[in-house]
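Let's take a walk through a protein model, one piece at a time. Have a look at the picture first, then read on.

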Amino acid sequence: MARMFPIVVKLEGCSCLVVGGGTVAVRKVRNLLQCGAAINVVSPSFCEEMVLLGQEEQVTLIPRKFEDRDVQGHMMVFAATSDEAVNQRVYEVCRENGILVNTVDDPDKCNFLVPATMRRGALTIAINTEGNSPLLARRLRMEMEDRYGPEYADYLELLGDALAVVKSTFDRESTRKEVFARLLELPILSLLQQGKKEEAKERIMECIYSWPD
C-alpha cells in the first residue's frame with residue numbers, strides 16, 4: 001500500500017465544506033476556524049453550538065440534506081454525519097471531482113487524514129498513524145505536549161525575528177547557517193522558562209551582531 005504524503009496546508013480564505021451539524025462537525029469547524037478557512041456547513045439540523053457559530057457569522061449554515069452539487073467550489077470537504085450512506089456519497093462525489101475529502105472515523109473513506117496535532121505558537125507537531133491507531137496518535141501527542149511547553153511559542157517568535165535580521169545582515173548562506181546553528185545552542189529556552197523574554201532577545205541579537213563576517 002502506498003504511503004500517504006504529509007503536508008501542511010494554508011487554508012486562510014479557502015472554502016471548506018463540513019457535512020453534518022452535530023458535535024463532531026463542530027470540532028472540525030473549530031479546527032478550520034483556527035486556520036482562517038471560509039466554512040460552509042450543510043445539514044438538516046444543527047446542534048446549539050453550531051447554531052451559535054452561524055449566528056456569529058463564523059460559518060455559513062445550509063439547513064437541508066446534502067446534495068452532490070454542494071462539494072463544488074470547495075478545496076476540502078469533511079463528512080461528519082452519523083449516516084454512513086451520506087458519508088459514503090460525500091466521499092464518492094469528492095473523489096469523482098478531485099476534491100480532498102475526510103470522513104470522520106473512517107480512514108477507508110478519506111483521501112487525506114487529519115493528524116493528532118500539538119501547537120505551540122508557530123510550532124506544530126503532527127502525529128499520524130494512517131488510520132491504524134488514532135488512540136496511539138493521541139497518546140503520543142499528549143507526550144509531546146508534556147515535552148514541549150508554552151515557552152516554545154515565544155522561542156519560535158524570537159527565532160522568526162532573528163531570521164529576518166540574519167538575512168538582512170549576512171549575504172553568504174554559509175554564514176547564515178553558522179549563525180543559526182549558534183543561536184540554537186544559546187540557553188534561550190531556559191531564559192524563557194524563567195520569564196526572561198527580553199533577556200533572551202538580547203542574547204540573540206548580541207550573538208548576531210557580534211558575529212565576524
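Before we look at any cysteines, here is the rule we'll need: a disulfide is counted when a pair of cysteine sulfur atoms lies within 2.5 Å. In chemical terms, a disulfide is a covalent bond between the sulfur atoms of two cysteines. Keep in mind, too, that this is a predicted model.

So how many disulfides does that rule give here? The count comes to 0. Take Cys16: its closest cysteine sulfur belongs to Cys14 and sits 6.6 Å away, which is too far for a bond. Cys16 is also buried, with a relative accessible area of 0%. Cys35 isn't in a disulfide either, as the nearest cysteine sulfur, the one in Cys16, is 8.8 Å off. Unlike a buried residue, Cys35 counts as partly exposed, because its relative accessibility is 28%.

Now for the sheet. Strands of a sheet pair through backbone hydrogen bonds, and they can do it parallel or antiparallel. In this model you'll find an open sheet of 5 strands, paired parallel, in the order β3-β2-β1-β4-β5. Which strands stand at the edges? They are β3 (60-62) and β5 (100-103), and each has a single partner strand, so one side of each is left without a neighbour in the sheet. From one strand to the next, the twist averages 20 degrees.

Zoom in on the β5 end. Strand β4 (residues 76-79) runs parallel to β5, and 4 bridges join the two. One pairing you can look for is Phe78 with its bridge partner in β5, Asn102. Packed on the sheet is helix α3 (residues 84-96), which touches β1 (15-19), β4 and β5. The direction of α3 makes about 165 degrees with that of β5.

Two other helices pack against each other. Helix α1 (residues 23-34) and helix α2 (residues 48-55) meet at an angle of about 35 degrees, their axes 9 Å apart. The crossing is left-handed. On the α1 side, the contact is made by Ala25, Val26, Val29, Arg30 and Leu33, while α2 brings Glu49, Met50 and Leu53. Sort these residues by type and you get 6 nonpolar, no polar and 2 charged.

Last stop: Arg119, which you'll find in strand β6 (residues 116-120). Is Arg119 buried or partly exposed? With a relative accessible area of 44%, Arg119 is partly exposed. Leaving aside neighbours within four places in sequence, Arg119 is in contact with Gln34, Cys35 and Thr124. So our tour returns to Cys35, the partly exposed cysteine from before.

Note on methods
Residues numbered from 1 in each chain as written. Predicted model: local features only at pLDDT ≥ 70, side-chain atom pairs only at ≥ 80, totals over all residues. Heavy atoms only, no water. Axes fitted to C-alpha atoms, helices over the stretch in contact; angles between N-to-C directions. Left-handed = near helix turned anticlockwise from the far one by under 90°. Contact = heavy atoms within 4.5 Å. Nonpolar A, V, L, I, M, F, W, Y, C, P; charged D, E, K, R; others polar. Pairing = 2+ DSSP bridges. Buried < 20%, exposed > 50% of the residue type's maximum accessible area, 1.4 Å probe, protein only.
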